[in-house]
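Please go through the enclosed spaces of this model, giving for each label the rule behind it.

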Amino acid sequence: MVTLDIELGSLKENLLEMLDLVKSQLAKSKKALEQVDIPLAQEVVEREKRVNALELLIDKDCENILALHNPVATDLRFVLSTIKIAGDLESIGDITKALARFIEKSGKKASRTFVDKFQIHSMIEICISMLTDMGEAIQKEDTHLAQKIAKKDSALNEINKNAPGVTSELIKANTDKIELILKLFTITRKLERVGDFIKNIGAEVVFHIEAKVLKHKKG
Amino acid sequence: MNSLTLNRVIDTAFKYVGFLCTLSALGILAIFIINIASEGLSRIDWQFITSLPSRKAEKAGILTAWTGTAWILGLTATISIPLGISAGIYLEEYGKKNRLASIIGVNIANLAGVPSIIYGLLGLEIFGRLFNLGGSLLAGSFTLALLILPIIIVATREALKAVPKTLREASFGLGATKWQTTWHQVLPAGAGGILTGIILALSRVVGETAPLIVIGALAYVPFVPSSPMDEFTVMPMQIFNWISRPQHEFLVNGAAAIIILLLITFIMNGIAIYLRNKWQKKINW
Amino acid sequence: MKIIEAIDVNAYYGDNHALTNINIEIKENTVTALIGPSGCGKSTFLRMLNRMNDYIEGFRNEGTLLIEGKDIYKKKVKLEDLRQHVGMVFQKPNPFPKSIYENVAYGLRIRGVKNEKEVEERVEKSLKKAVLWGEVKDSLDKSAYSLSGGQQQRLCIARTLAVKPSIILMDEPASALDPLSTAKIEELIAELREQYTIVIVTHNMHQASRVSDRTAFFYLGNLIEYGKTSDIFTNPKIKQTENYISGRFG
């Protein structure tokens, strides 16, 4: 086995580990929100350090592979796409940390009705399922799966479209809880961005396997 | 005409000139061989080869002459080959390559060009008189050994020089001593060149007359030599002896002996060429 | 554990000061690449490690060169023992004009191994280690010259392995080979690393980056930089090193 293959194999493992970690962070946040579990939320905040560490590791490994092995063609595209995917995963990790922070500070105050009105739980579920599918797509190098995930992002966008309406409705009815409602609104925005990031990851996977550039295209 | 045409003309002209030269050289050789063969071929028979010389031409044979040549060849080879090869190996592989070494090298090469009769004089004084060997086979062999020693040394050095440095490096790299490297790698690799040189040197020995005359080899030897201290004669001397006689029969004898001598020379050269080719095929760096 | 250590090593070819104050430590079971432009001294340094420079008229050296803790330039050092310990593979494959079997057996025979069975075993083992056994096991008494260039070089490696060295020096081992043979040699180096310490001189920087753990950059007889290969090729500390590896040298 060529040394380069060994390096690339290890890189893929690290990337999937990072993806799984971010996914578990999201799952924990959902549970913490549901059960108002403050220690769990704090755990998620702490764990974010591990996500960052993985991104740095992947960056360094990619740098080394490029410098030492001069990969070309598919191998090169794999390294380039991995750098970007790691960056996207790190951004998702940041958002998850922000969500966990919110739960830490305002979890007790956030009423279940409000959270449900914003459909936050559904959004998180969609994100988790998108990440699961994306993990499989990366593992199996399945570009069809990677592109199908884009459809789930549309569902997120739909929910997000309703958010301003829900916000104004809730504010009119609960003028004493404006800050909380606005915070929840921000969270919906952020969760929508998670969907965008995952869609980007899908485009990178397609770039790696098929050398097609999907980003910045309409649709 | 312009230079392009001129070049073409010169090119074609040389083709013809060269061919003519080759033809003339081969022609002269052919004339010589045919001449000799027509004169002496008929005289060659078993009796001729196995008879002692005699005053009667029909009875005279070259037995003592070719046995003398064989003895001289054998003794000279025994003396000069080990000496020459060892000296060549030392100078090429072991000696320091400084000014003294190059002076020695030049002088040895020069010795190969010294007229052979000078060696005869040297041999007469040192081997014949000082060592008291007289005009024996031993004296003759020592003298001729001195004569061809420079040739063997130079041939050995050239053959060893042709062995690429990388072969020695590979051997040293594995932990071999200088002698192991020389014995197991360099010598076998250079063997073809050394052998070729030796055979050519020996074929020179076959034809040398002057130094042997000087040290006292006799022209008329009616017995086959049986020990190194015996007196002797060799083929060239026998030929010279016969050709100086007025009788036509002796001239025919001479021609026959020349044919035999040529045969020996051609065979020795042929062996040298065969060995060189065989060796060339084995080694290809 | 450091197996090669150079302390203030200087080397001269007559008046030419070829190496200046070289200080370097090479650890066991590593692959170290020596890189640098022509004439920078990397080959000179490599050949000092098994004293092959001794054969060059006018060569002299100063400083201390330790291999496994012993100064190899001390008078009492036996050259033959040193070279059994520190093997060398050369730039142009140089098999002996003998059979494949005898090529590998040569090193054993001259070191006094008489038991024919032992010779046979070690020849087979070395050819297997050099990943050549499969290709030649049925034609061991064919001339070594009947092999291709890449095979000949692997034969030379097998020949070196047969005498059980602990260090293997390689002087641009793949520069005379085609890309496929080069790749095979590089794979072989990666495998050999587990049992041997390898020092390789190479003109090809990509090769250095692919196969080595540590890289030493030589220039005009000086050791400019020495460090982990991944560091040298991603972030060299000295500008000269960066200029050389990025191809900006004059």
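The turns below deal with cavities and their linings.

This is a predicted model, in which local features need pLDDT of at least 70, side-chain atom pairs count only at pLDDT 80 or more, and totals for chains, interfaces and linings use all residues. Residues are numbered from 1 along each chain as its sequence is written, chains are lettered from A in the order in which they are written, and side-chain values use heavy atoms, with hydrogens and water left out.

Q: What makes a space count as a cavity, and how many reach 30 Å³ or more?
A: On a 1 Å grid over the protein atoms alone, a cavity is a set of points where a 1.4 Å probe fits but cannot get out. Points are joined across faces, edges and corners, and a volume is the space filled by probe spheres set on them. By this rule there are two cavities of 30 Å³ or more; the largest has a volume of about 70 Å³ and the second largest about 50 Å³.

Q: Why is Phe78(A) called a lining residue of the largest cavity?
A: Lining residues have an atom within 4 Å of a point. Phe78(A) is therefore listed in the lining, as are Lys12(A) and His208(A), among others.

Q: Which helix gives the most to the lining of the largest cavity?
A: Helices are DSSP runs (H or I, at least four residues), and strands are E runs of at least two, numbered from the N terminus. Helix 3 of chain A gives the most, with four residues.

Q: Which elements each supply at least two residues of the lining of the second largest cavity?
A: They are helix 7 (165-173) of chain B, and strand 6 (86-89) and helix 6 (149-162) of chain C.

Technical notes
1 Å grid on protein atoms, 1.4 Å probe; cavity = no way out; pocket = protein on both sides within 12 Å on 5 of 7 lines; lining within 4 Å.
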